[in-house]
Amino acid sequence: MQFHHHGYVSGDPRVQDAAGTGLGRPRELPDETDVLIVGSGPAGMLLAAQLSQFPQVGTRIIERREGRLARGQADGIQPRSVETFQAFGFAERIIAEAYNIAYMNFWGPDPANPGDIIRTTRTEDYALKISEFPHLIVNQARVLDYFAEAAAHGPGRVVPDYGVEFVGLTVHDDGEYPVEVRVHHTTGERAGTERTVRARYVAGCDGARSLVREAIGRQHVGQVAAHAWGVMDVLVNTDFPDWRTKCAINSAAGNILLIPREGGYLSRVYVDLGEVPEGDHHEIRRTSLDQVIARANQILHPYSLDVREVAWHSIYEVGHRVTDKFDDAPAAAPDEPGARPPRVFLAGDACHTHSAKAGQGMNVSMQDGFNLGWKLGHVLTGLSPASLLATYSAERHPVAQQLIDFDREWSSLMARKPGEITDPQELARYYLGTAEFPSGFMTQYGPSMIVADSPHAALAEGFPAGKRFKSSEVVRVCDGNVTHLGHHARADGRWRIYAFADAAAPGEPSALTAWARWLASPDSPVMRYTPAGADVDAVFDVKVVYQQSYEEIDLNHVPAIFRPRTGPLALTDWEKVYAAGPTTWSPTDIFTERAIARTGAVVVVRPDQYVATILPLAATADLANFFTAIMRTPAQRP
């Protein structure tokens with residue numbers, strides 16, 4: 001990480017200097033705020049951490065609990081989420097304490113003795129081949145702790161207001177703070193009182209029974225499947241040999257999904273309770289813990305569990321629901337007369353619910369928050385028009401529907417009886433064959449004001465527009481270190497522009513040199529949209545990757561736009577110039593690895609790490625035009 005550019009730092013460099021609303025932040029929830037987040041789950045806490053990077057924006061997050069979540073229900077962390085943690089600065093720490101899934105094993109009835117189970121398949125976990133980031137298991141409470149730290153350590157110093165319950169809201173047609181929110185204080189000096197807080201925008205991250213969703217009249221569409229599962233986090237003694245390996249277990253007595261947890265001893269066990277009879281009226285939810293444990297022992301025969309402690313347990317019926325729209329904007333298109341941009345948004349379980357067995361709920365919820373956060377930040381700081389906010393629901397609603405479709409298929413496969421299985425390897429093949437979706441990498445946003453339907457996609461086939469920027473190793477020229485190009489990008493709300501050079505070396509006439517000269521001119525997005533007095537990379541983080549080895553690159557010949565002077569001391573940033581490799585330490589050449597044309601290319605990446613457009617180096621007008629609809633110049637800002 002980079003620091004000291006604002007002067008010598010002797011303490012923890014992850015704690016950024018307070019700025020804007022983070023200076024003198026009021027302890028009590030104020031009567032007015034720019035953004036009010038309802039709920040401190042995964043979507044809400046990531047949203048708070050992202051908005052803390054926009055200290056000009058007043059952000060408050062209310063939570064009806066009296067304090068931090070002590071024991072979360074979600075635990076599966078997919079590689080895309082770990083990539084997101086890396087952007088927020090805590091991936092290495094959470095990886096160190098989490099359980100890393102290396103294999104998933106499959107068990108089925110023993111043909112020689114169908115009352116017993118045997119291991120039928122061992123598979124490497126999909127994360128091993130699809131990403132440099134692992135597939136983890138760690139309690140949701142710890143994930144929230146890390147995001148809470150990022151929010152509190154950001155310039156905006158955002159911390160939750162605990163003991164504040166959402167009651168209802170009203171959206172007015174005009175006014176500086178058009179959303180009127182009624183809240184009830186459950187703790188502290190105001191305990192038992194109700195009051196009104198006014199906000200420019202509200203984000204409902206308040207779970208499956210969302211009152212925010214109800215308040216804006218959105219419908220949770222879907223149904224509960226006629227199948228129930230018991231789930232428990234347990235500390236046990238057992239003779240089952242794969243207790244510390246993720247397993248899907250199918251037997252004549254039912255099914256188990258076994259997920260080892262962090263810490264070396266704890267495991268989560270999903271136990272199949274069978275079909276729910278019609279007219280059950282949720283009686284299945286009265287199944288006792290002892291009954292769940294007994295069923296688990298039946299399924300595991302000839303092995304057994306001696307349960308020593310149960311940390312948490314629940315009964316649930318599989319449900320698949322998606323909210324009809326993820327904001328409160330009228331159905332009219334944003335550019336139609338009389339249409340207004342959204343003021344209230346839904347994220348996480350408030351707009352999509354499903355079974356827990358696919359391990360997607362927390363992961364997809366966090367991406368909701370990531371998608372929404374930078375957009376709110378850009379609009380509220382005047383960088384972008386309010387029309388940008390319409391892209392949130394347009395982008396995230398299809399992703400939620402894909403999640404529901406995937407989870408329905410996976411849940412159905414998991415719940416089958418042995419007699420319904422004709423191919424014992426089918427579940428394992430499905431697990432590996434669909435790897436891109438559960439890993440979080442299948443999402444591809446369609447064309448919009450922030451994703452161009454580029455005719456130049458062939459210039460960088462490894463970076464499809466609308467998909468997340470898939471990193472690859474490069475060599476940092478200033479010190480020769482091998483690093484992942486994408487890992488330098490932090491969740492700081494900036495756009496990334498990656499220039500992949502043509503074949504000429506630095507200092508020689510080339511398309512890259514001409515492009516860099518233009519980027520430093522008044523016509524470029526960098527100069528048009530960066531506020532006066534701000535660092536040149538305050539809005540756009542521009543990096544270059546040369547085709548030569550790092551030993552062949554003379555930094556003094558690299559255009560100045562790639563060696564900006566930043567901070568109050570105007571110190572040179574040396575970490576924006578890279579070589580493609582390969583080197584002794586890395587055989588990877590990013591041009592080959594990501595199919596980038598040797599004639600060069602420009603890859604524009606959004607603040608949430610999704611590719612926005614691919615352009616030739618010569619297409620400067622196209623690059624300028626792309627940002628015209630997205631950005632406002634300082635003179636255009638309110």
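Which residues are buried in α7? The close-ups below take that up along with a few other spots, and keep in mind that this is a predicted model.

**View 1. Helix α7 and its buried residues.** Helix α7 covers residues 289-300. Here's a quick ruler check: at 1.5 Å a residue, its 12 residues should span 16 Å, and the end C-alpha atoms sit 17 Å apart, which agrees. Now for the opening question: V292, I293, A296, I299 and L300 are the buried ones in α7. Look down the axis of α7 and these buried residues fall within an arc of 120 degrees, so they line one face of the helix. A handy rule helps here: an α-helix has 3.6 residues a turn, so residues three or four places apart point the same way.

**View 2. Strand β26, buried on both faces.** Strand β26 takes in residues 601-605, and 5 of its 5 residues are buried, so the strand is largely enclosed by the rest of the structure. In a regular strand the side chains alternate between the two faces of the sheet. In β26, one side carries A601, V603 and V605, the other carries V602 and V604, and all of them are buried.

**View 3. The neighbours of β26: strands β21 and β27.** Strand β21 (residues 495-500) runs antiparallel to β26 and is joined to it by 5 bridges. Strand β27 (residues 611-615) is also antiparallel to β26, with 4 bridges between them. V604 makes a nice landmark: I497 stands opposite it, and its bridge partner in β27 is T613. β26 and β27 make a hairpin with 5 residues between them, and in that turn Q609 has a positive phi of about 80 degrees.

**View 4. The stretch from 443 to 633.** An unreviewed UniProt entry lists residues 443-633 as "domain: Phenol hydroxylase-like C-terminal dimerisation". Over this stretch the chain is 14% helix and 19% strand. The C-alpha atoms at its two ends are 31 Å apart.

**View 5. C247 and what it touches.** C247 lies in strand β13, which covers residues 246-251. Is C247 buried or exposed? C247 has a relative accessible area of 0%, and buried means under 20%, so C247 counts as buried. Leaving aside residues up to four places away in sequence, C247 touches M104, N105, W107, F240, D242, I256, L257 and L258. For a sense of scale, try finding P111: C247 and P111 are 136 residues apart in sequence and 19 Å apart in space, C-alpha to C-alpha.

Key:
Residues are numbered from 1 along each chain as its sequence is written. This is a predicted model: local features need pLDDT of at least 70, side-chain atom pairs count only at pLDDT 80 or more; totals for chains, interfaces and linings use all residues. Side-chain values use heavy atoms; hydrogens and water are left out. UniProt positions are given in the numbering used here, feature names are shortened, and annotations may be inferred rather than shown by experiment. Buried means under 20% relative accessible area, exposed over 50%, partly exposed in between (1.4 Å probe, protein chains only). Two strands pair if DSSP finds at least two bridges between them. Contact means heavy atoms within 4.5 Å. The expected span of a helix is 1.5 Å times one less than its number of residues. The arc is that of the directions from the helix axis to the C-beta atoms.
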